[in-house]
Protein chains: 2
Amino acid sequence: MNPDKSDISKKNIKWHEISIDRRKLEKMHGHKGMVLWFTGLSGSGKSTLANALNEALHLRGISTYVLDGDNIRHGLCKDLGFSDSDREENIRRIGEVANLFMNAGIVAITAFVSPFKVDRDKVRSIIGNNDFVEIYCAANLSVCEKRDTKGLYKKARLGEIKEFTGISSPYEIPENPEITIDTGNIGLKDSVQEIINYLDKRFDIEK
Amino acid sequence: MNPDKSDISKKNIKWHEISIDRRKLEKMHGHKGMVLWFTGLSGSGKSTLANALNEALHLRGISTYVLDGDNIRHGLCKDLGFSDSDREENIRRIGEVANLFMNAGIVAITAFVSPFKVDRDKVRSIIGNNDFVEIYCAANLSVCEKRDTKGLYKKARLGEIKEFTGISSPYEIPENPEITIDTGNIGLKDSVQEIINYLDKRFDIEK
């Protein structure tokens with residue numbers, strides 16, 4: 001409803017029919033909102049692949065946003081540590097924020113280890129199966145540890161980091177992810193293309 | 001950087017220069033990201049005005065999203081109650097999420113009572129003065145209580161709701177809000193226009 005066409009009197013500003021809902025926002029952006037959820041060990045290439053995918057989608061005019069450690073742990077979740085309950089809450093909040101972006105008609109891309117199935121499944125239930133794409137970056141531990149891009153595995157082996165996923169805390173491999181990328185063996189360009197192909201086929205996301 | 005132009009080898013997927021940053025996202029959306037923060041008593045017209053403004057901005061092709069009680073209290077903040085510390089954390093999280101939307105190049109619109117100056121100022125410091133527009137809906141208590149659109153004032157007077165802003169808990173009037181709308185006396189259409197005029201003048205948001 002256009003404000004100019006409203007019959008709102010000066011004394012009564014109730015006007016609850018107005019709603020720019022998800023459908024309208026998706027129409028404006030030219031594609032559906034959804035959540036692309038990357039999961040995998042530290043060093044498995046989640047962030048790199050998420051950002052490369054983001055670049056590729058952006059170049060196609062798709063409205064995207066990447067949620068990752070940089071913008072979440074220093075802001076929304078800066079009150080959380082790394083206890084089991086804090087990690088669970090961290091993933092829950094990220095899922096809720098991704099849901100808001102999706103409802104805004106945006107393609108939300110997340111890149112977090114998210115090692116536990118129960119937490120990922122909780123996010124899936126928040127988002128809904130129709131809009132959730134779990135992308136497993138399947139590089140194995142030896143590859144990730146050899147890369148050790150941030151030096152974290154070394155510290156974990158020395159006991160300087162406790163409960164490090166893959167070393168002293170489990171990573172639960174996704175049982176039925178929508179996409180599995182063998183990031184230990186497949187290059188970035190091919191990995192991006194594989195995801196794009198999936199999205200085109202399932203959602204007809206091409207603009 | 002286009003993935004096709006990358007020199008990423010199969011065995012090394014480090015590629016940290018990729019970045020679709022705020023500037024690129026704003027360019028894509030055709031306007032800057034910002035946060036429009038409505039504050040005021042329950043019944044002062046925050047949600048109504050926020051939604052009417054959202055409609056007007058949407059019709060001008062601006063990418064927006066409204067954060068309000070409906071999509072926040074049932075999701076991201078459903079673990080929070082109404083104690084002082086929970087209310088503070090509620091507003092903090094909303095500020096952080098609004099900041100993410102702003103960084104995604106979106107005009108984030110929030111509609112919460114947010115009665116305490118310290119909490120609103122904390123949000124202002126998260127967002128930054130250049131991108132934050134505090135909009136005070138200044139209908140006075142008697143007007144809001146007479147409207148009592150949700151029947152909350154009646155319950156508060158009966159003591160059925162504790163610490164209700166304006167009745168049993170203070171509302172701290174903003175000292176220097178960017179915009180004050182006299183929602184007790186000005187109609188919806190004029191209120192929307194006043195905000196649009198401000199945004200056009202300050203940000204040249206017209207597309």
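Reader: What makes strand E2 of chain A largely enclosed by the rest of the structure?

Author: In this predicted model, four of the five residues of E2(A) are buried, so the strand is largely enclosed by its surroundings. A residue counts as buried when 20 or more other C-beta atoms lie within 10 Å of its own.

Reader: With which strand does E2(A) pair, and in which sense?

Author: E2(A) pairs with E3(A) in the parallel sense over five bridges. Two strands pair if at least two bridges are found between them, and the five bridges here therefore satisfy the criterion. Within this pairing, Thr64(A) stands opposite Val107(A) of E3(A).

Reader: Why are E2 and E5 of chain A said to stand at the edges of the sheet?

Author: The sheet is open, with five strands in the order E2-E3-E1-E4-E5 (chain A) and parallel pairing. Strand E2 (64–68) and strand E5 (179–181) of chain A each have a single partner strand, so one side of each is left without a neighbour in the sheet. From one strand to the next, the twist averages 20°.

Reader: How do you know that E4(A) and E5(A) are paired?

Author: Three bridges connect strand E4 (residues 132–137) of chain A with E5(A) in the parallel sense. The threshold is at least two bridges, so three suffice. Cys137(A) has Ile181(A) of E5(A) opposite to it.

Reader: Which strands of chain A does helix H4 lie across?

Author: Helix H4 (residues 84–103) of chain A lies across strand E1 (34–39), E2 and strand E3 (107–111) of that chain, and runs at about 160° to E3(A).

Reader: Why are H4(A) and H5(A) described as roughly parallel?

Author: H4(A) and helix H5 (residues 117–127) of chain A pack at an angle of about 25°, and their axes are 9 Å apart. Angles under 35 degrees count as roughly parallel, so H4(A) is roughly parallel to H5(A). Their crossing is right-handed.

Reader: Which residues make this contact, and how do they divide by character?

Author: H4(A) contributes Glu88(A), Ile91(A), Arg92(A), Gly95(A), Glu96(A), Ala98(A), Asn99(A) and Met102(A), while H5(A) contributes Asp119(A), Lys122(A), Val123(A), Ile126(A) and Ile127(A). The contact residues of H4(A) and H5(A) comprise six nonpolar, two polar and five charged.

Reader: What makes Thr48(A) buried or exposed?

Author: Thr48(A) belongs to helix H2 (residues 46–59) of chain A. Thr48(A) has 24 C-beta neighbours inside 10 Å. The cut-off for a buried residue is 20 or more, so Thr48(A) counts as buried. Thr48(A) also lies 9.0 Å from Ala111(A), C-alpha to C-alpha, although 63 residues separate the two in sequence.

Reader: How many residues does chain A have, and what fraction of them counts as buried?

Author: Chain A has 207 residues, of which 46% count as buried. Eight helices and five strands make up its secondary structure elements, and along the sequence they follow the pattern α-β-α-β-α-α-β-α-β-α-α-β-α. The C-alpha trace of chain A spans about 70 × 35 × 25 Å along its principal axes. Of the contacts in chain A between residues at least 6 apart in sequence, 75% join residues at least 24 apart.

Reader: Why are H3(A) and H4(B) called roughly antiparallel?

Author: Helix H3 (residues 69–76) of chain A packs against helix H4 (residues 84–103) of chain B at about 155°, with axes 10 Å apart. Angles over 145 degrees count as roughly antiparallel, and this pair is therefore placed in that class. H3(A) passes H4(B) in a right-handed crossing.

Reader: Which residues meet there?

Author: Asn71(A), Gly75(A) and Leu76(A) of H3(A) meet Arg93(B), Glu96(B), Val97(B), Asn99(B) and Leu100(B) of H4(B). Among the residues of the contact between H3(A) and H4(B), three are nonpolar, three polar and two charged.

Reader: What makes E2 and E5 edge strands in chain B?

Author: Chain B has an open sheet of five strands in the order E2-E3-E1-E4-E5, with parallel pairing. E2 (64–68) and E5 (179–181) of chain B each have a single partner strand, so one side of each lacks a neighbour in the sheet. Neighbouring strands of this sheet are turned by 20° against each other on average, direction ignored.

Reader: How many bridges join E4(B) to E5(B), and which helix lies across them?

Author: Three bridges join strand E4 (residues 132–137) of chain B to E5(B), and the two strands run parallel. Ile181(B) in E5(B) is the bridge partner of Cys137(B). Helix H8 (residues 188–203) of chain B lies across strand E1 (34–39), E4 and E5 of chain B, at about 170° to E5(B).

Methods:
Residues numbered from 1 in each chain as written. Chains lettered and ligands numbered in written order. Predicted model: local features only at pLDDT ≥ 70, side-chain atom pairs only at ≥ 80, totals over all residues. Axes fitted to C-alpha atoms, helices over the stretch in contact; angles between N-to-C directions. Contact = placed C-beta atoms within 7 Å. Parallel < 35°, antiparallel > 145°, perpendicular 65-115°, else oblique. Left-handed = near helix turned anticlockwise from the far one by under 90°. Nonpolar A, V, L, I, M, F, W, Y, C, P; charged D, E, K, R; others polar. Buried ≥ 20, exposed ≤ 12 C-beta atoms within 10 Å, placed from the backbone.
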